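I opened the notebook to record how the helices pack and what sits between them. Entries follow in the order I looked things up.

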Amino acid sequence: MELTSLDFQQARIKQVLFKSRLRSVLYGVRDADEALFSVRDNPLGQWIETVIKPQYNNASLIRELERILSDTLQTGRQLVGMHQRGQLEEARKGLEQIEAHGTRMEEVLQKMEQSLR
């Protein structure tokens, strides 16, 4: 089955979902669980494994996407650690780093999507 713009839109939604979950942890709405920071349990990580890897042939862009996801999850874990140590404002300010990772991810997704046209 061929990749479509809908596939890439799903990836963008999964990234927003992660940011929303992380934000809710940093603002005390929910507790962090380990699955939030696991590439294997992350919806975007699962999307990469099940949708992109089997259908997309540019390995360098796939590796870059995986690296950005890993960096995003690692940064999120660090921010939650700060939050748990009582550094609430610093952790929340760190959401800017998550946004920067998201911007980089969007650039890669756009490259991937454009290469299929």
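**Helix packing**

I started with H1 and H2: their axes come within 9 Å and cross at roughly 160°. An angle over 145 degrees counts as roughly antiparallel, so I put H1 and H2 down as roughly antiparallel to each other. This is a predicted model, and I read every value here as computed from it.

Next I listed who makes that contact. From H1 come Asp7, Phe8, Gln10, Ala11, Lys14, Gln15, Leu17 and Arg21. From H2 come Pro43, Leu44, Trp47, Val51 and Ile52. I sorted the contact of H1 with H2 by class and got 8 nonpolar, 2 polar and 3 charged residues.

Then I took H2 against H3, which spans residues 59-84. The two pack at an angle of about 170°, with their axes 11 Å apart. H2 and H3 are therefore roughly antiparallel to each other. On the H2 side I noted Leu44, Gly45, Trp47, Ile48, Glu49, Ile52 and Lys53. They meet Ile62, Leu65, Glu66 and Leu69 in H3. The residues of this contact of H2 with H3 divide into 7 nonpolar, 1 polar and 3 charged.

How do H1 and H3 run, parallel or antiparallel? Their axes come within 10 Å and cross at roughly 10°. That makes H1 roughly parallel to H3. H1 contributes Gln15, Phe18, Leu22, Val25 and Leu26. H3 answers with Thr72, Leu73, Gly76, Leu79, Val80 and His83. By class I have 7 nonpolar and 4 polar residues for the contact of H1 with H3, and no charged ones.

**Rings**

I searched the whole structure for aromatic pairs and found 1. Phenylalanine 8 and tryptophan 47 form it, edge-to-face, at 6.0 Å centre to centre and 75° between the planes. The pair links distant parts of the chain. Phenylalanine 8 is in H1 (residues 5-26) and tryptophan 47 is in H2 (residues 43-55), 39 residues apart. Are these two rings' residues buried or exposed? I found phenylalanine 8 buried, and tryptophan 47 as well. Both also appear in my list for the contact of H1 with H2. Trp47 is in the H2 list for the contact with H3 too.

I also checked for a charge over a ring. Arginine 92 lies over the face of tyrosine 27, at 4.3 Å from the ring centre.

**Two single residues**

Threonine 72 came up in the contact of H1 with H3, so I looked at its burial: at 0% relative accessibility, threonine 72 counts as buried. Its place is in H3. What does threonine 72 touch, leaving aside neighbours within four places in sequence? I noted Gln15, Phe18, Ile98, His101 and Met105. Gln15 and Phe18 are already in my H1 list.

Last came glutamine 97, in helix H5 (residues 95-115). Its relative accessible area is 44%. Buried would need under 20% and exposed over 50%, so I entered glutamine 97 as partly exposed. Not counting residues up to four places away in sequence, glutamine 97 touches Thr75 and Leu79. Leu79 is among the H3 residues that meet H1. I took one distance as well. The C-alpha atoms of glutamine 97 and serine 70 are separated by 13 Å. Along the chain these two are 27 residues apart.

Note on methods:
Residues are numbered from 1 along each chain as its sequence is written. This is a predicted model: local features need pLDDT of at least 70, side-chain atom pairs count only at pLDDT 80 or more; totals for chains, interfaces and linings use all residues. Side-chain values use heavy atoms; hydrogens and water are left out. Rings of Phe, Tyr and Trp (its six-membered ring) pair if their centres lie within 6.5 Å; planes under 30 degrees apart count as stacked, over 60 as edge-to-face and the rest as tilted. Helices (H or I, at least four residues) and strands (E, at least two) are DSSP runs, numbered from the N terminus. Buried means under 20% relative accessible area, exposed over 50%, partly exposed in between (1.4 Å probe, protein chains only). A charge sits over a ring if NZ of Lys or CZ of Arg is within 6 Å of the ring centre and within 35 degrees of the ring normal. Axes are lines fitted to C-alpha atoms, for helices over the stretch in contact, and angles run from 0 to 180 degrees between N-to-C directions. Angles under 35 degrees count as roughly parallel, over 145 as roughly antiparallel, 65 to 115 as roughly perpendicular and the rest as oblique. Contact means heavy atoms within 4.5 Å. Ala, Val, Leu, Ile, Met, Phe, Trp, Tyr, Cys and Pro count as nonpolar, Asp, Glu, Lys and Arg as charged, and the others, Gly among them, as polar.
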